[in-house]
Every structure is written in C-alpha cells, then in structure tokens.
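Let's take a walk through this fold, starting from the inside and working outwards. Keep the viewer open and follow along.

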Amino acid sequence: MNPTREDGRGRPPVAGPVCPACREPLAVAAQVCASCGFTGGDTMTMFPDPAPPFMPLLDAAGIWNHEDVRKIEEARRKLRGTHPQFQWHVCSVMLPPGTSLPLFGFWMLNACPLYAGETAQERAWAVLLLIDARGSRAAVIPGYSAEAWLGDADWVEALSAMSVSWKAGHAGGAVLRFFETSARLLNRSWKKRGLRHSERFHS
Ligand SMILES: [Zn+2]
C-alpha cells in the first residue's frame with residue numbers, strides 16, 4: 001500500500017492547511033488555492049452522487065471481518081483516551097482507476113451529512129483514513145482543526161506504516177498500524193509544542 005502522493009514532489013514537513021488538489025500551503029480561510037485555482041466546489045462537480053453519512057467506520061469495499069472491526073474500534077477508543085479532540089474515521093472504497101483519493105476524501109469530509117450525534121465542531125476535528133481497496137492506495141484527510149497538528153510528512157509516515165500488514169493480506173492490522181503511528185506522531189507534536197510554549201514562558 002502506498003501513501004497517495006499524486007504530485008510526486010517532496011514537501012517540507014509543514015503543518016497547516018494545504019490545498020487538497022496540489023498540496024501547496026493554503027492561506028487560512030482561503031476559498032481558492034492561489035497555486036492551482038482549486039475550490040472546494042470543484043469536488044461537487046467531480047463527485048455528483050449523494051454523499052453517504054459520515055460513519056466512524058464505513059467498509060464499502062468489504063475488506064474487514066468482524067474481528068478486524070472489533071480491533072479497529074478498540075484502537076480508536078484507546079486513541080480517544082489520549083487525544084480526545086480527534087474524531088477518527090476509517091473508510092474503505094473501490095474507486096474507478098484514475099480517481100484522486102485525496103479529492104474524493106475531501107469531498108466526503110465536506111459533503112457527507114453529519115452522522116447521528118455528530119457536531120460541526122467534531123467534523124472539523126475529523127481525521128479520515130480512506131482506503132481504496134481496488135488500487136491498494138490510502139490517503140489521510142484531516143478536518144481543518146485537526147490539520148494544524150500533523151503535517152503531510154507525518155501522515156505519509158503513518159500511511160507507510162500500513163504497508164507490511166496490507167501486503168500480507170491483513171487489512172485490519174494495516175489500520176491498527178496507522179493508529180499506532182498516528183498516536184506516536186501526535187505525542188511528539190504535543191511535546192514539541194509544549195516545549196516551545198515553556199521556552200517562551202521562561203524567556
Ligand atoms: Zn492547489
């Protein structure tokens with residue numbers, strides 16, 4: 001499984017809003033990407049079908065068995081214990097070849113109706129792990145509040161951690177590796193920010 005890097009270019013590890021189409025950093029609250037002209041509305045034209053409810057786990061490709069689902073739920077609960085703001089969503093799909101996975105995920109994040117009990121604030125803290133079972137690809141699409149905490153390079157690392165399990169045929173294990181790596185990277189991000197904060201405090 002390869003992290004989707006459709007631009008093929010290396011990116012400095014910046015955290016913050018990036019354009020879902022070209023991955024260039026976006027000005028906060030920008031409606032149009034200055035780099036490629038992408039607007040969120042473009043995805044509504046690309047994916048005209050009604051969006052499904054934004055379920056915590058949606059296995060449209062049918063890749064997880066009952067035991068996988070149980071372990072994924074358990075790992076998600078554990079993650080919520082250490083990083084309660086984040087709302088982790090896991091979704092498997094079978095997309096036609098050539099479909100951009102990050103743009104499809106961006107569309108889901110914006111077009112899916114709020115799921116039972118979900119608030120708009122929770123949607124902003126959503127992190128969608130989207131797996132295209134047909135193309136063996138995965139992408140992470142963070143909501144705009146979640147986006148500030150990990151950069152593109154971190155998400156690529158979390159996606160890459162799925163590879164070994166995925167290739168061995170363990171679709172559930174791949175998600176667990178993603179969660180473990182995300183937790184480790186979030187802890188690191190938290191510590192870094194805490195340190196910066198205390199440095200400023202003492203200076
Ligand atoms: Zn762009």
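A good place to drop in is strand β4, where seven of the seven residues are buried. The model is a predicted one, so keep that in mind as you rotate it. Look at the two sides of β4 in turn: A126, L128, L130 and D132 sit on one side, V127, L129 and I131 sit on the other, and all of them are buried. Both faces of the strand are covered, then.

What does β4 pair with? Strand β3, residues 87–93, runs parallel to β4, and seven bridges connect the two. If you want a landmark for that pairing, find C91, whose bridge partner in β4 is L130. Strand β5 also pairs with β4, this time in the antiparallel sense, through six bridges. Here the landmark is L128, which has I141 as its bridge partner in β5.

Follow β4 out of its end and you come to the turn. β4 and β5 make a hairpin with four residues between them. One residue to pick out is S136, in the loop between β4 (126–132) and β5 (137–142). Its phi is positive, near 50°, and S136 is not a glycine. Is S136 buried, partly exposed or exposed? Its relative accessibility is 29%, so S136 counts as partly exposed, the range between the 20% and 50% cut-offs.

Now for what packs around these strands. In soluble globular proteins, nonpolar side chains tend to be buried together. The largest nonpolar core in this model has 31 residues, and W88, L129, F178 and F179 have the most contacts inside it. Contributions come from several elements: α2, β3, β4, β5, α5 and α7 each supply at least two residues. Helix α7 gives the largest share, with nine residues.

W88 is worth zooming in on. Leaving aside residues up to four places away in sequence, W88 touches P56, R76, L79, V127, W155, F178, F179, S182 and L186. There is also a second, separate core of 24 residues, and F38, L58, L101 and L109 are among its members.

Two of the helices deserve a closer look. In α5, residues 152–160, the buried residues are D152, D154, W155, A158 and L159. Looking down the axis of α5, these buried residues fall within an arc of 160°, so they line one face of the helix. One of them, W155, is among the residues touched by W88. Over in helix α7, which covers residues 171–202, find S189. With a relative accessibility of 8%, S189 counts as buried because that value is under the 20% cut-off. Setting aside residues up to four places away in sequence, S189 touches W149 and L150.

Next, swing round to the metal site. Which residues hold the zinc ion? The SG atoms of C19, C22, C33 and C36 coordinate the zinc ion at 2.3 to 2.4 Å. The angles subtended by the four donor atoms are 103 to 116°, which makes the arrangement tetrahedral. Along the sequence, the spacing of these donors reads C-x2-C-x10-C-x2-C. C22 and C33 link distant parts of the chain: they are 11 residues apart, and each lies in the loop between β1 and α1. Both have low accessibility values: C22 counts as buried at 11%, and C33 counts as buried at 4%.

That loop holds another residue to check. R23 is in the loop between β1 (2–3) and α1 (41–46). Its phi is near 70°, a positive value in a residue that is not glycine.

A further loop stop is G62, between β2 (57–59) and α2 (66–82). G62 is exposed, with a relative accessible area of 57%. Its C-alpha atom is 8.3 Å from that of V93, although 31 residues separate the two along the chain.

Finally, zoom out to the whole chain. There are seven helices and five strands, and they follow the order β-α-β-α-β-α-α-β-β-α-α-α along the sequence. Of the 203 residues, 46% are buried. Among contacts between residues at least 6 apart in sequence, 66% join residues at least 24 apart.

How values were computed. Residues are numbered from 1 along each chain as its sequence is written. This is a predicted model: local features need pLDDT of at least 70, side-chain atom pairs count only at pLDDT 80 or more; totals for chains, interfaces and linings use all residues. Side-chain values use heavy atoms; hydrogens and water are left out. Buried means under 20% relative accessible area, exposed over 50%, partly exposed in between (1.4 Å probe, protein chains only). Donors are N, O and S atoms within 2.8 Å of the metal (3.2 Å for Na, K and Ca); water is not among the atoms, so sites may look incomplete. Four donors count as tetrahedral if all angles lie between 85 and 135 degrees; four count as square planar and six as octahedral if opposite donors are over 155 degrees apart and all others between 65 and 115; anything else is irregular. Contact means heavy atoms within 4.5 Å. Two strands pair if DSSP finds at least two bridges between them. The arc is that of the directions from the helix axis to the C-beta atoms. A nonpolar core is a set of buried Ala, Val, Leu, Ile, Met, Phe, Trp, Tyr and Cys residues joined through side-chain atoms within 4.5 Å.
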